[in-house]
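Subject: Handing over the structure

Hi,

Here is the structure I promised to pass on to you. Have a look at it first, and then read on for my notes.

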Amino acid sequence: MADTTIAAGLIIDGNLQSDGSVRIDGTVAGRVDGKGLVELGPGSTVSADVTGQRVSVAGAIAGNVEATERVDLLAGAKLTGNVRAPRLTIADGASFRGKVDMEVEP
Amino acid sequence: MSDERTARMPSLLGPTALVLGNVTGRGDLEIRGRIQGNVVIDGRVLLARGGVVLGNIEALQITVHGQVRGDLSSSDNITIGAQGEIEGNLQAPRVGIEAGALVLGQLRTVDPHRRSQEIAAPNPALEKSPNGSHSRRKRRRHKPHTEGGVQPGFAEPELEARPAPLEVAPAPKAQHADRPPSIPTFVKGAHGHRRGDAT
């Protein structure tokens, strides 16, 4: 169970930040800034940047994604934005439009 | 996690979570972190101990064990736990406040629009009174009930007109020499000398 869970149907009209893990199945009309695992579920929508240690995307993001460890775009993901992370996977069925930068200084 | 399971899960803001903005939508919400913004949802809100909301909360049911600076409005009930602290108004058909809670604000268990209409409606009982000031006095004595809400159609009971105040002659002005004998006087003139003075 994530520290913070935004279930489907809930809308955050602003930014969300957390030191713990985050799971989003709802809508965030703003940034999501985590310090651990950030999971964006299949029905989720985020309309600004997402940062975390590990970011897993299965929903829609209109913003950049930045992770200190890895980014995984799962099937069903729709990312329009850039990715900055040392490791990246893009699953078959993921949709991605943006730049990738994997030369992240530790 | 399957979609179905996640859709029925309540939302949870962990202890380190911070939301800068409003939270709206469907479903229940448990707040252990901090929200700087309003919460308007059609589910239940549980503000756990340590949680903070700087903004109004409007929900089906609200339970407060944390801190709120803002108004609470619910269509069912509001419960403030013993650890709860709220600076703001509460409005709900039922409100429960546990001993120890800190509450600073107005409390309405009745729809405010309906109540003000009842107060404003002219009351025939008051208009029978011959003296205008008496009716004002009567109105002040009828403080509305604050618990349980007002029954619809509640009419203030008729009071007998108060008798005119008795005419009391003003007390005669006390003469300066008429000092009550019990009070000792240490004024020099009364005894001719002060105690301790060598005669």
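A good place to begin is the contacts inside chain B: among those with a separation of 6 or more, 6% are between residues 24 or more positions apart. Please keep in mind that this is a predicted model. Chain B has 199 residues, and 28% of them count as buried. Its secondary structure consists of five helices and 15 strands.

Next, the place where the two chains meet. On the side of chain B, 23 residues are in contact with 23 residues of chain A. Together the two chains bury about 1,800 Å², and 54% of that area is on carbon and sulfur atoms. Three residues, B:Leu12, B:Thr16 and B:Arg26, supply 23% of the area that chain B buries against chain A, which is more than any other three residues give.

What holds polar atoms together across this interface? There are 12 residue pairs in polar contact between chain B and chain A, while the count of salt bridges between these chains is zero. The elements of chain B that give two or more residues to the side touching chain A are α1 (3–8), β1 (11–13) and β2 (18–25). Of these, β2(B) provides the largest share, with eight residues. Sorted by class, the side of chain B that touches chain A holds 13 nonpolar, eight polar and two charged residues.

The strand β2(B) also pairs with a strand of the other chain. Eight bridges join it to strand β2 of chain A (residues 10–18), and the two run antiparallel. If you want a spot to look at, A:Gln17 stands opposite B:Leu18 in β2(B).

Now to the salt bridges, which number 11 over all chains. As general background, side chains of opposite charge can pair when their charged atoms come close. Three pairs in chain A are good to visit one by one.

The first on my list is A:Lys35 with A:Asp19, whose closest N and O atoms are 3.1 Å apart. This pair links distant parts of the chain, 16 residues apart: A:Lys35 is in the loop between β5 (32–34) and β6 (37–40) of chain A, and A:Asp19 is in the loop between β2 and β3 (22–24) of chain A. Are these two residues buried or exposed? A:Lys35 is exposed, because its relative accessible area is 58%, and A:Asp19 is partly exposed, with a value of 44%.

Another salt bridge joins the side chains of A:Arg54 and A:Glu69, at 3.9 Å from N to O. A:Arg54 lies in strand β8 (residues 50–57) of chain A and A:Glu69 in strand β10 (residues 65–73) of chain A, so the pair ties together parts that are 15 residues apart in sequence. A:Arg54 counts as partly exposed at 32% relative accessibility, and A:Glu69 counts as partly exposed at 34%.

Then there is A:Asp101 with A:Arg84, where the closest N and O atoms are 2.9 Å apart. Here too distant parts of the chain are linked, 17 residues apart, with A:Asp101 in strand β15 (residues 100–101) and A:Arg84 in strand β12 (residues 83–84) of chain A. A:Asp101 is partly exposed at 26% relative accessibility, and A:Arg84 is partly exposed at 35%.

One more item for your tour: A:Arg23, A:Asp25 and A:Glu39 are linked in a network of salt bridges.

Enjoy exploring, and best wishes!

Key. Residues are numbered from 1 along each chain as its sequence is written. Chains are lettered from A and ligands numbered from 1 in the order in which they are written. This is a predicted model: local features need pLDDT of at least 70, side-chain atom pairs count only at pLDDT 80 or more; totals for chains, interfaces and linings use all residues. Side-chain values use heavy atoms; hydrogens and water are left out. Contact means heavy atoms within 4.5 Å. Buried area is the accessible area (1.4 Å probe) that two parts lose on being put together, summed over both. A salt bridge is a side-chain nitrogen of Lys or Arg within 4 Å of a carboxyl oxygen of Asp or Glu. A polar contact is a pair of N or O atoms within 3.5 Å; within protein, one must be able to donate a hydrogen and the other to accept it, and residues adjacent in sequence count only if both atoms are side-chain atoms. Helices (H or I, at least four residues) and strands (E, at least two) are DSSP runs, numbered from the N terminus. Ala, Val, Leu, Ile, Met, Phe, Trp, Tyr, Cys and Pro count as nonpolar, Asp, Glu, Lys and Arg as charged, and the others, Gly among them, as polar. Two strands pair if DSSP finds at least two bridges between them. Buried means under 20% relative accessible area, exposed over 50%, partly exposed in between (1.4 Å probe, protein chains only).
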